[in-house]
Amino acid sequence: MRDILRLLKLAWPYRAWLSAALGLSLVTLFANVGLLALSGWFIAAMALAGINGTPINYHYPAAGIRTLAIGRTLGRYAERVVSHQASLRLLAGLRVWIYRRIEPLAPARLESYASGDLLSRIRADIDSLDNFYLRLLAPVLTALCSSLLFILFLWYFNSAVALATGALLLAAGGFLPLAVHLLGRKPGARVTQTSAELRTAVVDGLRGMEELLAYGAAGRQKERVVELNRRLLADQARLAGLAGVSAGGVGLCSGLALWLALVISIPLVRAGSLTGPQMVMLALFCQAAFEAVLPLPPAFRLLGQTLAAARRIFSLADETPAVKEPREPAQLPETPLLTLRGVGFSYSDSAATLVGIDLDLAPGRKVAVVGTSGAGKSTLLALLLRFREYDSGSMTMAGREIREYDGETVRRLMAVASQQPFLFNATLRENLLIARPEASEEEMIAAADIAGVHDEIAAFAQGYDTPAGEGGVKLSGGQIRRLAIARAILKDSPVLLLDEPTEGVDASAARSLLERVFSFAEGRALLVITHSRIGLEAMDEVLLMDEGRIVERGSHAELLARSRRYRDMWELDD
Amino acid sequence: MSEDITEKPAPEQRLNLLKNRVKPTLLLAVGLGIASGFVLIAQALIVAGLVHRVMIDGSGYREVLPQLLWLPPLMLARAGLSWISERVAFAASATIRQEVRNDLFQRLLDAGPLQLKGDRAGEVATVIVDGVEALEGYYSRYLPHLAVMAVVPLSILAAVVPADWISAGIMLFSAPFIPFFTILIGRGAERLNQRQWQTLARLGGYFLDRVNGLATLRMFNASRREAEMIARISDDYRRATMSVLYMAFLSALVLEFFATVSVALMAVVIGFRLLKGGMAFQDGFTVLLLAPEFYLPLRLMGNYYHARMEAIGAAERIFNLLDTPLAPRPAAPHPLPPVSPLRICLEDVCFRYSPDSPPVIDGVTLNLAQGERVALVGPSGAGKSTLAALLLGFALPEQGRVLINGVDLAQCDLDQWRRHVAWVPQSPHLFHGTIGDNIRLGRQDATDTDVLQAASRARCGEFIARLPQGLDTVIGEQGAGLSGGQARRIALARVFLKDSPLIITDEPTAGLDAHSETLVREALGELAQGRTVLSIAHRLATLEDTDRVVVMSGGRIIEQGHYDDLKGAGGLFARMAAAGEGA
């Protein structure tokens, strides 16, 4: 119920469109029922007039029949256009709403969702909310309003017919959908769940195909897909069976309404308290009235599925971001002097990941962080970028605690090339310009030159317009990494953070890459996380991290002289 | 009816061929639909007769009782028929969707990982899940209805002709307009629909892409900007959808116009004939009751036409995937010769990804002897990883042969061969599931003890032990929640669990720090005892204890020999070595 209210609240901005759709569907419905009833009355009255030779004014009813026929046709068209416009506008709004809700959650809060599943949540679930507005809310409101008006109309002629039809309308529009809903709730929820699992299994099977084949596990993954597929269709079959029951049920109720109208009217006609044409009109009216409840059973059948989707979307939207933005953010500082003192951090369910980190980043200073994998180097980056909140110690920017700044302000000062760079499904140019959309062609090429990737891009037939990402050109790991470096350089920020910039790049290329990066970083703060010893001699300070602590610090030469552990790290490369 | 007028596009012909798999079920659904139509006609005749007797003849209950009693069972029968036909039609479509979806997945597995170049996985998954779903209406509604539509209106017409030939004339005259306009408008919509599917796929891809890249967008403060892009693309989607719907609704408008106006016209004409005493009321009323039912199947056709267009839109992508080329496989693969001792020969092997791209492997001849440890080095793009893929049978050489103890690998059962190869890729894929399941990938039946032992030999036992749920810890896709080094070592544990005579590693220590690298190298050294090892190497330091170094460049082997000899040979390797570390 809370979810339904929340859905209604999201629909509120589109109320004008939705009520217009409701009004039009009422008009259409009345025109249709009226047309059948009036036609029946008309031919019955004409037949009696013909037999008895009594005069009859046929102009008005004949004109009425034509008007209702045209009104119904045009009304239906307008109603369809307006209700779909309403629904699609609402969906577009929902997409943006959910994007804005999950945007602050990235990346810290989204890591636990598999990307195939996340896709399913956001896209498929929002699409299935379509059902709520177009096939649920609108038909329910239409059915409620029109049924009441129908019963009032019938009551004017005969209360028994009105009551009988009312009861059948309630059965077809109330009990039947409710029963179908209750029976369909479990399979409906399972359909949503299973199709999400199926999607994950398919994506996993495709992305991990090399491993599956190499380890002889492809058959098992296939079995899993087959099994999920089977389960999905079995539950869908249950829902289809329920759809059959409800369609048949509404038809049966509408037939019974006609039958009851006849049964009630026959003695009245005989007694003369009801005319023959009125009996015909009532019978046809009763039967046609069920058009109002026709869309209800399928609507309720979808309710379970829709609510499951809504719940999943809301639970995602309600996650709290890892970092809370300040109420009154501080201004962008002049110099990006970053100071960390005793900074500590731990993931919620595990031991401390970072302990007592001291770090100084200032313009013109070059710092390298080295250490074992899992030592917390990437977490340090997440703290600097304000993707995660530090638990203890102090982190200041230009003398103010970094919490006082807006996350975007902090990130404006920083350019990052991460360890696992992401390329968007767009051209190389668009991928680079994400860093700075207003950058000129020359600036973009200059950045690519520094990263040593320009020549390779220029060699592609489409140059910078070559599509990248999924479905684009396949780039090597080294190329992707250098594109990420070019992107960071293009951003032209005072702080440059590079995570493993030379991995996948051969030694001589790595050396010249770092030379160019160092000269670009002149006057900027530079933090390099690395496993390679290339370029360490040029650093002002090297931090050796282990298990979340800085265990050694100093210049490369000092550390080589002083620390056996540090020497051991590079022994292999000499 | 549509068959006569529209030229069927290729996807629909293939959709139609699939129909044959469920022909009996579909025929049953059609039969039930037609039976329901006959019940309806009987019902109308009875109601008209009953009303006539009450209104014109002044009869009461006693006279019309048989008719009154006949009606409820007939109505019940209609409801039952509608229920069963719905189930049957769904069963037909479910069978087809199930088979198509399974076939698609199998086809992609058969085609191999190199066919999914550029990581099209998300897009392909959308076709397998949503695309196949879009076929539902075609088999469960459109096709059965097509047959019902051909029979039921004609039967109604047959019932109307004796009652009132003028109304029958109106029906006969107006009916053809309905499919005619449907098809006329539908053809335009069909073209639009292809575009809509593309827009839809683009939107889906765009959305997933931006959500996957949210972290990157935030790094560059571009994520809020993207919200506007998503709004714009969603708006494009609405426009694309509405442009299709306007057409679909317009065709519905034409259908309803003809149907409704014809019924209204019949009512007026019948009324005047009755006034003049030209016909019996019973006949007039029968026609009025049946007239809407005559048009109903024709009108519904408009709705199902939409289902058809949707299915055709999806079919094109489905069949494209189903047509993914497969390397020719022998009908009866040779049994793999005994692999101990193992001799592998590559004979003048050439390979390219597609016929119009340059060769990636260009005439490579290489022998691997039992127990030999060979390192492949060379600049990126030299073809090292592709060579490994050929040895694993992920792709077959375009030219030349890969011989396993003298037998061409292309003629062997590849699964059987891969059982003897352990492989550590450059960026291992971790599956959504537990750590234990991920390590058990190659040996489902391994005990926890085996798994933990493999884990500790891969030097990840320690961190797994520190996790509260140990092996049962669930990891996200792509190893979310683990560091790069941890993910790498979990992938290594798989190898330890699998006892294979050949080990292929693709830069197994890239991204590991020197400390972990030592551990992993020790472990690999332990594993390598008595086995053949082909390692794609990144660091020169890892080459010293190999028997042979093979240097590749531009898809060819340019030099090979022992580490020390090559270092002094003055070739590419010597230059790489001089540059310091790494290759």
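This report describes selected features of a predicted model with chains A and B.

**Spans listed in the record**

An unreviewed UniProt entry lists four stretches of chain A under "transmembrane region": residues 20–49, 132–157, 163–183 and 239–268. Two of these stretches are set out in the table.

| Span of chain A | Helix | Strand | Distance between end C-alpha atoms |
|---|---|---|---|
| residues 20–49 | 100% | 0% | 42 Å |
| residues 163–183 | 100% | 0% | 28 Å |

In the model, then, residues 20–49 of chain A are 100% helix, and residues 163–183 of chain A are 100% helix as well.

**Contact between the chains**

Chain A meets chain B through 136 residues, and 136 residues of chain B take part in return. On the side of chain A that touches chain B, the largest share comes from helix α7 of chain A (residues 218–271), with 29 residues. Sorted by class, that side of chain A holds 67 nonpolar, 39 polar and 30 charged residues.

**A helix pair in chain B**

Two packed helices are described by the angle between their axes and the distance between the axes. In chain B, helix α3 (residues 23–55) and helix α6 (residues 136–163) have axes that come within 9 Å and cross at roughly 25°. Angles under 35 degrees count as roughly parallel, so α3(B) is roughly parallel to α6(B). The crossing of α3(B) with α6(B) is right-handed.

Which residues of α3(B) meet α6(B)? They are Leu26(B), Ala29(B), Val30(B), Gly33(B), Ile34(B), Gly37(B), Phe38(B) and Ile41(B). Their counterparts in α6(B) include Leu143(B), Pro144(B), Ala147(B), Val148(B) and Ser155(B). The contact of α3(B) with α6(B) contains 14 nonpolar residues, three polar residues and no charged residues.

**The sheet in chain A**

Chain A has an open sheet of four strands, in the order β2-β1-β4-β5, with antiparallel pairing. Its edge strands are β2 (352–361) and β5 (400–401) of chain A, each of which pairs on one side only. Inside the sheet, β1(A) and β4(A) are antiparallel and share five bridges. Arg341(A) stands opposite Ser394(A), a residue of β4(A).

Strand β4 of chain A (residues 392–397) is also joined to β5(A), here by two bridges, and these strands again run antiparallel. Met397(A) has Arg400(A) of β5(A) as its bridge partner. The hairpin of β4(A) and β5(A) has two residues between the strands. Ala398(A) lies in this loop between β4 and β5 of chain A. Its phi is near 50°, which is a positive value in a residue other than glycine.

A helix lies across part of this sheet. Helix α10 of chain A (residues 377–384) crosses over β1 (338–346) and β2 of chain A, and runs at about 60° to β2(A).

**A cis peptide bond**

Where in chain A is Pro107(A)? Pro107(A) lies in the loop between α3 (59–102) and α4 (115–157) of chain A. The peptide bond joining Ala106(A) and Pro107(A) is cis, with omega at about -10°.

Conventions
Residues numbered from 1 in each chain as written. Chains lettered and ligands numbered in written order. Predicted model: local features only at pLDDT ≥ 70, side-chain atom pairs only at ≥ 80, totals over all residues. UniProt positions renumbered as here; feature names shortened; annotations may be inferred. Contact = placed C-beta atoms within 7 Å. Nonpolar A, V, L, I, M, F, W, Y, C, P; charged D, E, K, R; others polar. Pairing = 2+ DSSP bridges. Axes fitted to C-alpha atoms, helices over the stretch in contact; angles between N-to-C directions. Parallel < 35°, antiparallel > 145°, perpendicular 65-115°, else oblique. Left-handed = near helix turned anticlockwise from the far one by under 90°.
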